[in-house]
Each structure stands twice: as structure tokens, then as C-alpha cells.
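Here's a quick briefing on a protein model, covering its internal cavities and a couple of its helices. Have a look at the structure first, then work through the notes.

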Amino acid sequence: MMTESRGRGSNLFGEVAPESTTRSPPRLPSDPGKPAASSPRRSMEETSESDSGSARGTKRKRVTEPRDRDSAGSGSDSSGSPFRRPKAPLMPICTEEDGTVLYGFTDDQDVMDRYHDDMQKYIKKRDRHKRMLTLAPSSVTERRTFKETESVLKYAESVLSLSAYLDGKMINQCTGIVVEVDAFRNSAIILTSTWLFCTKKPLDDWTKKEYATEAKVNVHMLDDSTLECRLMFFSEHYEIAFFEISGDISLKTLSLERNVELGQDVFLLARDTNLNLIYKRDKVQLVDPCEHQQNHYQFLNGPIPQCGTGGGVLDAGGKIVGMLFYKLPLVAFIPSSLILKCSTMWQHFRQLARPQLGLKLRTLAFLDIPRIELMSRKFSISSGLIVGELEHVLLGAGEEHLEKSNDLSSKVEVEIGVFHVRKRIQRFITLRVELSDHLEVFHSDDEDAKAEGSTGEEGPAAASCEAKP
């Protein structure tokens, strides 16, 4: 899928930024409040004299009551007052046989009213303290060095938040990664997900989606300013999108790394709806997509919120090895190698060409070991191409076709090595399939889901996935 390019020049997509852009001024920080002076502490004394009235027989009982409203230091709203829980106004009720004195609340209603008022002030102040950045509860459990912290903070400067609007109403908000900056043209390119402007997104990834390509998209900068950006290119099938922003900007980039390994230690960076950083350590999982998920996904444990879609999967060196998608039951990501392949094809041909096989595949190596052993013992098959790697073969076949012709109406032949489990026959079959830059769609009718060129025989239960364009 493509959009009209504007301008002239050279960048990742060979385009020039628009001449004007809208930038809202950053919000000024609120003036710090002056701490109010603490009210003086006061006490009340109640004296009672004996009936004799003599100085020697005089008894004085000192009763310290709770502070009044103006002197409630522990419950005061004053930002400079101590943070103390108000003392309960207790009085002795009775004494047990062992000498233990039991206490209860005083029956003086005025004293109790002041105590409850101080307690409410204390609770409000306690809640304010919990919202302070340095005092808020933390869920951090992993150990990290200061150097690791400094590196993550540096990488986070390239992770932004984007929101899309249609007719004044927000469609979605997600994360974006700065992948290119042109200081001469004062522009930058941001990688994100098509989920940002998707108005109809069914659970099944193989079902047709609807996109509002005309939506207004804003980039929320880390200084709380906002820039409007324009859509340069997006892919329906891979759900990636590139936007360009222009103006007085100062951004840093993160580079895309082609190599990612199963079981590799990675960490995730994204933004929530309040621009707060989402950071999590994770590991690339050895699992295949579910029936309703695309073949090219790889997975992590997660979880992430929906606004984390478009965030980055980074290796230990701070390079982007994939882009995040909010999926269930596991968080998915598309490898950077596919993103780079798509951007290269768009830069050279202004379109994508992907053979649509009409097959949902599974990776043999991801099965449990007993089943792998059984297939190895019975059929001498223990390995095959990882499903995600097949996408590179398909895009390579599409790129080879575009070098010869820009016509996507023609078909290409793709040869795949398969093994029929019941017949115990291993052979190559040739599928004559269509090229498209749109989403590959599977219908509910099984006949519609068959790839053209199928022989009508039982489908391969295991495939070596050796495609030969």
C-alpha cells in the first residue's frame, strides 16, 4: 500500500519534508508553592482543686488534648509541615485484674471532630507523597548497573508517542521509533505500526482491515510539545508505517539490526499514554504464531499495553532487532530484517511485491522434542526452514520480479519442498501465485483459502519450506 509522496530530495524514501509544520509550545512548569509556616503547638490544661482549698492538698491533673484545627501539624496541608499520623485521643476505660489498663476513644465530641479532621488531612498528604516520583511505589525487581541505566535513558530519547485523529476524535495512540534524522532538512523519519490509524482491526490477522490514511497524526515530543507528521509509506500485510516530521527538532536515532536469534536476551522500550517510558527485559521465545496470527511474527513474554505497539525490541548493544505489537497470548514483534527489506523495496520501486502463497505454516523445530524425535525416526525429518525466514524468500522473489517489471497483475512461480506425512513422500511442488502489496486474506471457505496451483491432494503436514523463486 502506498501514499502520495510530496517534495523532492533524498532521505530513507527519497522525499522532501513539507515546508510548514505546526508545533505547539511546551507547557511551562507550574510555579513551586511556598511552604506555609507551621502553626504553633498549643495545649490545654484543666485544673481542679480539692474541697479543702489548702495549697498542700491541691491536686493538679494535666490533660493534653489533641491540637486544634489550626495546630494540626501531622494533618496540616502545609507542604513544610512534618508528615506524621495524628495521635488518637484515647482515655482509660477500665483496668483488668492483672493491672492492664484498657483505653478507648474519648467521648468529647469536639476532640473527636478535630481528630477526624486531622486524619483526613493526613490521608491526603500521604496520597500526595505516594504520587511523588521519588516516593512512588516501584515494581523494579531486576538488577542493573549504572552503565545499563545510562544506556537505556540514552536509547529512550529516540522513543516517542504518536496519536491519530479522525474528525476530531482519537483513533489510537501508540509508540514510534526515530530511525532517521536529516539535520540539513530539519526532518526525521519515525517507524511505527499501522495500528495507529486502523479503524477496523479484527482479532484475526488474516482478515481485511480498514485504515484512515487521511487521519491527522501528531507526534508527542519529550519536551511536551506536539508536531504534526505526514504518512510516507505503510504496508498492510506487515503492519508497518513510516511518518515524517519537520521543523525545529533535535532527535537521536536508533539503528535497525538485521540479526535476531531465538532465545536471545532483549529489552523492550515503549511509551504509555502519558509519555512515561515502558522498559522491560525479555527473551525471544521459541514459539510459532497462533492460527489467527501472521506467519512473520516472533514472540516475547511481555506483556505491554496497546499503546506500546510500535515500540522497539533492542539487543544488548542498543540496536532495534524488531518492532512490538500488542497481541495475545504473547507479545509479538516483526524482525527488523523484514522492516529493512520493505523500506528498501519501497525506496527503489515505490511499492512492495509479496507472493501470496495461501498457506499457514508452522515451524518443525518449535514442536515438542518427542514429536520431533518421532518424525525423525519415522520419516527422517528433523529440521526445516523457520517460518519467519520464509518471508525473506518471498520478498526476495517479489523484488526479483520488480526488477524486471512493475506489473503486479502477473503471477510468479514459487517452488517449495514439502513432505506428505501419510504418503511418506517428499517432493517439490510449484505454486503459481499472485503478487500483491496488500494484506494476504484467508476466507472462511476452505476452497477460497487454497493457493492457486494446488493439486487438490492432502496438504503437507510438514514442510521443509525451501522456496525457489
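Helix α5 (residues 387–404) is the top contributor to the lining of the largest cavity, giving four residues. Helices here are DSSP runs of H or I with at least four residues, strands are runs of E with at least two, and both are numbered from the N terminus. Bear in mind that this is a predicted model, where local features need pLDDT of at least 70 and side-chain atom pairs count only at pLDDT 80 or more, while totals for chains, interfaces and linings use all residues. Residues are numbered from 1 along each chain as its sequence is written, and side-chain values use heavy atoms, with hydrogens and water left out.

**Cavities**

- A cavity is a set of points on a 1 Å grid over the protein atoms alone where a 1.4 Å probe fits but cannot get out, and its lining residues have an atom within 4 Å of a point.
- Grid points are joined across faces, edges and corners, and a volume is the space filled by probe spheres set on the points.
- Two cavities of 30 Å³ or more turn up by this rule.
- The largest cavity has a volume of about 50 Å³, and of its ten lining residues, Asn 295, Arg 354, Leu 357, Glu 391 and Leu 394 lie nearest its centre.
- Its lining breaks down as six nonpolar, one polar and three charged residues, with Ala, Val, Leu, Ile, Met, Phe, Trp, Tyr, Cys and Pro counted as nonpolar, Asp, Glu, Lys and Arg as charged, and the others, Gly among them, as polar.
- The second largest cavity holds about 40 Å³, and its lining includes Ser 235, His 237, Tyr 238, Arg 354 and Asp 437.
- That second lining has three nonpolar, four polar and two charged residues.

**Helix α2**

- In α2 (residues 146–156), Val 152, Tyr 155 and Ala 156 are buried (under 20% relative accessible area with a 1.4 Å probe, protein chains only; exposed is over 50%).
- These three cover an arc of only 100° around the axis, which puts them on the same side of α2; the arc is that of the directions from the helix axis to the C-beta atoms.
- Phe 146, Lys 147, Glu 150 and Leu 153 are exposed on the face turned away from the buried side of α2.

**Helix α3**

- Ten of the 14 residues of α3 are buried, so this helix is largely enclosed by the rest of the structure.
- Among the buried ones are Leu 338, Cys 342, Met 345 and Trp 346.
- Right after α3 comes Arg 350, with a positive phi near 60°.

How values were computed
1 Å grid on protein atoms, 1.4 Å probe; cavity = no way out; pocket = protein on both sides within 12 Å on 5 of 7 lines; lining within 4 Å.
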